[in-house]
Amino acid sequence: MSETGTWVIAADASDGLGVRLRELWRYRRVLIFFSIKAVQSLYSKTRLGPAWIFIPALFPLIASSYVFRTVMEVQPGAVPYFIFFATGQMAWNLFDQPLMRASRGIDVNRELLRKLYIPRVILPIGQMSAGLVRPAITGLVLARASVYYRVTRGVCYVQLDWVTLRPVA
């Protein structure tokens, strides 16, 4: 307690990432619980159940690919348009979905923060796991499409090497 009668939490400058990572490791089961809860919230109130996870990821990919390729006649060059569009969509979803969900993480569970102590960073990270579902599905579709084009045309349009994966890491 300080001289003015208010509580002060002091953190040393040496307390940094290591302390925070140890705290996350200590509360890893809580993080897993919030991650599972966030992923379940994607399909909990739907009639299709877990199948609903795939529809919001695949429908915009297929519909937008059709609209941009056929209606608007966007030319991607020598790359098949679906590969071209899915690559851009995956990169965008990898940025957009987790960031949007993480920003709502504390707001969704604010009542819980009043009742018990957990590191506050667990809530946004737990919500981010639900935001990573759509890019993961898009990545799987992109991998299957790449294998298809590799087998049928003999050309590898998506090359995964360290230079390509560096921005993701």
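**Helix contacts and cores: a short tour**

Hi everyone, let's start right at a contact: P60, L61, S64, S65, F68 and R69 in α3 meet Y81, F82, F85, A86 and Q89 in α4. Before I go on, please keep in mind that this is a predicted model.

Sorted by class, that contact of α3 with α4 has seven nonpolar, three polar and one charged residues. As for the geometry, helix α3, residues 55–71, packs against α4 at an angle of about 125°, and the two axes are 10 Å apart. An angle like that makes α3 oblique to α4. The crossing of these two helices, α3 and α4, is right-handed.

If you'd like one residue to click on, try F85. Which residues does F85 touch, leaving aside its neighbours within four places in sequence? They are P60, L61, S64, S65 and F68, and every one of those names was on the α3 side of the contact I opened with.

F85 also takes us inside. The largest nonpolar core has eight residues, and F85 is one of them, together with L61, Y81, I83, A86, L142, A145 and Y149. Two helices, α4 (81–108) and α7 (133–153), each supply at least two residues of this core. Which helix gives the largest share? That is α4, with four residues. Apart from this core lies another one, of seven residues, including L24, L113, I118 and I122. As general background, nonpolar side chains tend to be buried together in soluble globular proteins.

I122 leads nicely to my second helix pair. Helix α2, residues 28–40, and helix α6, residues 122–131, pack at an angle of about 40°, with axes 7 Å apart. So α2 and α6 are oblique to each other, and their crossing is right-handed. On the α2 side, the contact is made by V30, L31, F34, S35, A38 and V39; on the α6 side, by I122, L123, I125, G126, Q127, S129 and A130. By class, this contact of α2 with α6 has nine nonpolar, four polar and no charged residues.

Now let's zoom out to the whole chain. How many helices and strands does the protein chain have? Eight helices and zero strands, so to speak a run of α after α along the sequence. Of its 169 residues, 25% count as buried. And among contacts with a separation of 6 or more, residues 24 or more positions apart account for 67%.

That's my tour, thanks for listening!

Terms used: Residues are numbered from 1 along each chain as its sequence is written. This is a predicted model: local features need pLDDT of at least 70, side-chain atom pairs count only at pLDDT 80 or more; totals for chains, interfaces and linings use all residues. Side-chain values use heavy atoms; hydrogens and water are left out. Axes are lines fitted to C-alpha atoms, for helices over the stretch in contact, and angles run from 0 to 180 degrees between N-to-C directions. Angles under 35 degrees count as roughly parallel, over 145 as roughly antiparallel, 65 to 115 as roughly perpendicular and the rest as oblique. A crossing is left-handed if the near helix is turned anticlockwise from the far one by less than a right angle, and right-handed if clockwise. Contact means heavy atoms within 4.5 Å. Ala, Val, Leu, Ile, Met, Phe, Trp, Tyr, Cys and Pro count as nonpolar, Asp, Glu, Lys and Arg as charged, and the others, Gly among them, as polar. A nonpolar core is a set of buried Ala, Val, Leu, Ile, Met, Phe, Trp, Tyr and Cys residues joined through side-chain atoms within 4.5 Å. Buried means under 20% relative accessible area, exposed over 50%, partly exposed in between (1.4 Å probe, protein chains only).
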